[in-house]
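Let's take a walk through this one together, with the model open beside the text. We'll start with a small backbone oddity and work outwards from there.

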Amino acid sequence: MTAPLPRDPDALRARTKLAKKWAYLLSSRTFVPMSTAELEHRLAGLVDRLCAGVAVESLAQHAGRDVGEALVALNCTTPEGLQISIEVVSKGLLGMSSLAPDDRLRNRVVDVVAALSASFVERVRQATMEQQEHLGRSLYKAMREAQVELRLSRARVELLETHSSTGIATVEPDGVLVRANEALARILDRSPDELTGMSLFDLAHPDERAGLRADVAGLAGGAARDGARTVTQPCRLLRADGEPAWVMLTLSPLHRVEAPPQVVVLAEDATDVNLLQGQLNHQALHDVLTRLPNRQYFTSRLEQALRTADPRTGVTVFHLDLDGFSRFTGGLGREVGDHVLKVVAGKLEAVVAGENAMVARFGHDEFAILVENSPGTPDVVTTVRRINEVLSAPFTSHGHRVAVSATIGVVHRPPRGSSPLDLLDSADLALRRAKGGGPRQWELADPEQDDLDRRAFSLAATMAGAWEEDELLVRYRPVVRLADGSVESAEALLLWDHPGLDELPHEQCVALAEDTGLAVPLGSWVLRDACGQAVAWRERLGRDLPVRWALSPSQAADPDLVGVVRGALRDTGLAPSSLRLGVTGRSLFSGRGEVADNLEVLAEGGVGLELEGSTGAPEDLLRVVDGPPVRAVRLGQAPAAGPGTAAARALAGVLGVVRDAGIGLTAAGVTTPEQARWWREVGADTASGPLFAPAGPPDDITR
Amino acid sequence: MSDLDWVPEGIDTSVPSIARTYDYLLGGAHNLAVDRAMAEKVVAALPGTRDLVRLNRAFLRRAVSHLVESGVRQFLDVGSGIPTVGNVHEVAQALDPRCRVVYVDKDPVAVAHGELLLAGDPNSTAVQADLRDPEDLLGRPEITRMLDFDEPVALLLLLVVHFLTPGDEPGALLARYRDRMAPGSCLVVSHATADGRPGTMRRAADQVRESRSRDNLVYRTHEEVTALFDGYELVEPGVVGCALWRPAGAGDVANRAEDNTQVWVGVGRKPLDGG
């Protein structure tokens, strides 16, 4: 509903002038969110609307209301804005005489302005209510978000308090507990309900009370306002039974709005090292390099598996040792070695990927696999084959193509309730037996064989202690002349007077000593004892009675052997010619010149060397003929076993050659008169063995 | 944990809020009696207060228009207060609808109101954060989603820096924002001053303090306000009285001459050569 407005220049100018004046006054008194030019443009439209209302009576109400609403929409909502608008608009419209006849103009303007005022007030009222409504909603929204956050925080705190192993309490400045958790109750051996209402100071050891009071007062009082100060110290609390409970106590102020501050008490059980253990557990149970479980972890898993495994299928343990692993670290460097171990770890895990299994690294190049068998688990032979197939696939490590193999000891389906340690021992023993057969071998644990092996290993392990306990003895066995049975010399033997076992014979003692690295020190000890005895016998008999000691391979290889022998001779005063040292063909003829050189030096010094040719290998015997300076060859009983055989006859021929070269011949282990006769026939001068006399204390030799 | 009647800071309706007080001084009704009481006390001490607030709002409109015209399309309005009429997004998006605007205030009510108001606008959002913690503020996902700091951003700080105490080190604080913004980014500041009328302005500040407002006015001199633009090149006419920054009509100027220079304003641009 529009009405034609006067188009004459004066009327146009009057309307523009009104809009400009209105815009100027409004924008300089009240905030209108637009530029003055924009406001002028808007207000010009409103002026036109007002003029139409004055010109056409039926439009008056409508025009006034529209303009009132528009003003509020322009954010012109203040009383000042209304006052300016009514003044400017009324005066302006009353001056536009062309809009209506004089007698009507005044009333029409009043009608329009009245409608404008009414709608302005109505709109302002509505806008105010809407905005207050918005504010209320915003307040509610902000409050609700804060409440949700608060509830979440509270739930978090409660969860922490409930499940923490740290004792947590909130106390008033006077020390009264308003809240305490289960952990604190546990530390103090009371119930949480019982704790609430008690005083922290009464719960503390009498000696601690004064200090605690001062701390709580300081935190709850003035000091609290200076910032979040916290006190941590060891402290003794009292349990229900009066016993002290050591805790690490942390006190912190809890600031509150419109309420006195409280103090939060944290009490960590100082005797409870569970937390620390938890952190250490992983490190303690895993190998750092391969990240595989270690022996400890494996053992505990095995222990569990032995109890819980399905008895119809049981478990299988594979104990692996990489063959010749030292050649990786020694030959290609530690980096390659480490890398190979990691790759092996991955490969072994792949082999048992489909099984309920654990792969562990036990030591340097030792691994173990535990398989909890199911009906579908491959048999042991298949698994062993797959392990070595997978390991033997070459791969590149730091530029080297490498492949590995493993020797494996297997324990298959041990009885339920077996001890995991015994089981691991069995696997280890089986592994050692397998190693005896060379690389890439495997062995199933055999309970009977285990017993023997286990005894030997435990003996070796306790040998050093036995030496200290004087359980190791040097015994002497006479070596007699076959011609007349007189004592020509004595051989020193090592015996172990084991408190729990039969006396261990020389051969076993020497083998054990060799296994444990005791051969060199034990050998030196025997040597010295033997030299001392030989001197004693000479004094008693008035003639030389040489003594003989068989060097073990490691003692023969000892670079210090010459020094040890010379020292023993010097300290005891024994003539070198009264000492005879037995050496194996392997020591004497080995490529390592140093060993042979040492022996040669001793021989040149007068010490008698005797070749231990127990097997009577002809090549050794022949090498002796134009080889190192050996005074005699000592042979065991194998050749004498069949006196009439071709082998015996051949040996007799060889021994003839030896004898012709001026080298003596002596027999060991002679048990029968037939053997003694045979030896005499092939040219042996002397012999020892049960037929003549057993080994005994030194005095037996001269009796 | 027994404080069940605890009211978070900014929602406590017994304490006046700067954001709601501005709203009242601009003619809005998003305010409470406690806010109106503080406003009237300040007006009594400083009769031109309404004009100062109005001129500041007019300056904001002119500055934003200028920035859009010179190519800036991203706006970070910190201390935005309650968004009522004539807001940044309205001004900017009227010129280019692609303009993105983030309103930041520490007042949870102002932010809640902003969220309600901007619910349907994909290019604008409101975030509750504190000007004094730039790393937290600039790292907010709501902000990094909306604004690309590899492109120029206009940081708008209107009538908010004068609530920073000397202990807040406003210069160092603004430098941390500057260092995070791309070359071509802009800083807009308006800041109340006591220059010219120290007594009157002190009485106005006293009224704010006595009303138990959490924020209190710290007036700064022309020199101090100019120093806030360290690292920026000031756009003409530099740091001037609010009404004197490129006025375009009667609404941009107050009748009382002193009201025209009671707030220092300026617009700076971070040079493209990174200097």
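Is A:Asp189 buried or exposed? This is a predicted model, so keep that in mind throughout. A:Asp189 turns out to be exposed, because 12 other C-beta atoms lie within 10 Å and a residue with 12 or fewer falls in that class. You'll find A:Asp189 in the loop between helix H6 (182-188) and helix H7 (192-195) of chain A. The backbone is worth a look there: phi of A:Asp189 is near 60°, a positive value in a residue other than glycine.

Chain B has its own case. B:Glu169 is not a glycine, yet its phi is positive, about 50°. B:Glu169 sits in the loop between strand S4 (154-158) and helix H8 (170-180) of chain B. With 13 C-beta neighbours inside 10 Å, B:Glu169 counts as partly exposed. Another spot to click on in chain B is the peptide bond from B:Glu236 to B:Pro237, which is cis, with omega near 5°. B:Pro237 belongs to the loop between strand S6 (233-234) and strand S7 (240-241) of chain B.

Now for chain A and its sheets. How sure is the predictor here? The mean pLDDT of chain A is 85, and 93% of its residues reach 70 or more. Confidence in chain A bottoms out in helix H9 (residues 222-225), at a mean of 50, and peaks in strand S8 (residues 366-372), at 95.

That strand S8 is part of an open sheet of five strands in chain A, ordered S7-S8-S6-S11-S12, with mixed pairing. Strand S7 (356-361) and strand S12 (442-444) of chain A are the edge strands; each has a single partner strand, so one side of each is left without a neighbour in the sheet. On average, neighbouring strands of this sheet are turned by 15° against each other, ignoring direction. Take S7(A) and S8(A) as an example: they pair in the antiparallel sense over six bridges, and A:Asn356 has A:Glu372 in S8(A) as its bridge partner.

Helices pack on this sheet too. Helix H13 (residues 334-351) of chain A lies across strand S6 (315-322), S7 and S8 of chain A, and runs at about 165° to S7(A). Helix H15 (residues 420-436) of chain A touches S6, strand S11 (406-412) and S12 of chain A, with its direction making about 140° with that of S11(A).

Further along chain A there's a barrel. Eight strands close it in the order S13-S14-S15-S16-S17-S18-S19-S20, with mixed pairing. Within it, strand S14 (residues 487-496) and strand S15 (residues 547-550) of chain A pair in the parallel sense over two bridges. One partnership to look up is A:Ala490 with A:Val547 in S15(A).

What about the insides? The largest nonpolar core has 122 residues, and A:Leu50, B:Leu76, B:Ala154, B:Leu156 and B:Val188 touch the most other members. H5(A) gives the most to this core, with ten residues. Leaving out residues up to four places away in sequence, A:Leu50 touches A:Ala63, A:Val67, A:Val89, A:Leu93 and A:Val112. A second, separate core of 70 residues includes A:Val479, A:Ala490, A:Val624 and A:Val654.

Next, the place where the chains meet. The contact takes 32 residues from chain A and 25 residues from chain B. On the chain A side, helix H1 (9-29), helix H2 (36-55) and helix H5 (102-163) each supply at least two residues. H5(A) gives the most to that side, with 15 residues. The chain A residues touching chain B divide into 15 nonpolar, 13 polar and four charged.

Let's finish inside chain B, which has ten helices and eight strands. Buried residues make up 51% of its 275 residues. Among contacts in chain B between residues at least 6 apart in sequence, 73% join residues at least 24 apart. Why is helix H1 (residues 18-25) of chain B largely enclosed by the rest of the structure? Eight of its eight residues are buried, among them B:Arg20 and B:Asp23. The buried residues of H1(B) pack against helix H2 (33-45), helix H3 (49-69), strand S2 (100-105) and helix H5 (108-117) of chain B. After H1(B) comes B:Gly27, whose phi is positive, near 95°.

Conventions
Residues numbered from 1 in each chain as written. Chains lettered and ligands numbered in written order. Predicted model: local features only at pLDDT ≥ 70, side-chain atom pairs only at ≥ 80, totals over all residues. Helix = DSSP H or I, 4+ residues; strand = E, 2+ residues; numbered from the N terminus. Buried ≥ 20, exposed ≤ 12 C-beta atoms within 10 Å, placed from the backbone. Contact = placed C-beta atoms within 7 Å. Nonpolar A, V, L, I, M, F, W, Y, C, P; charged D, E, K, R; others polar. Pairing = 2+ DSSP bridges. Core = buried A, V, L, I, M, F, W, Y, C linked by C-beta atoms within 7 Å. pLDDT = per-residue confidence, 0-100. Axes fitted to C-alpha atoms, helices over the stretch in contact; angles between N-to-C directions.
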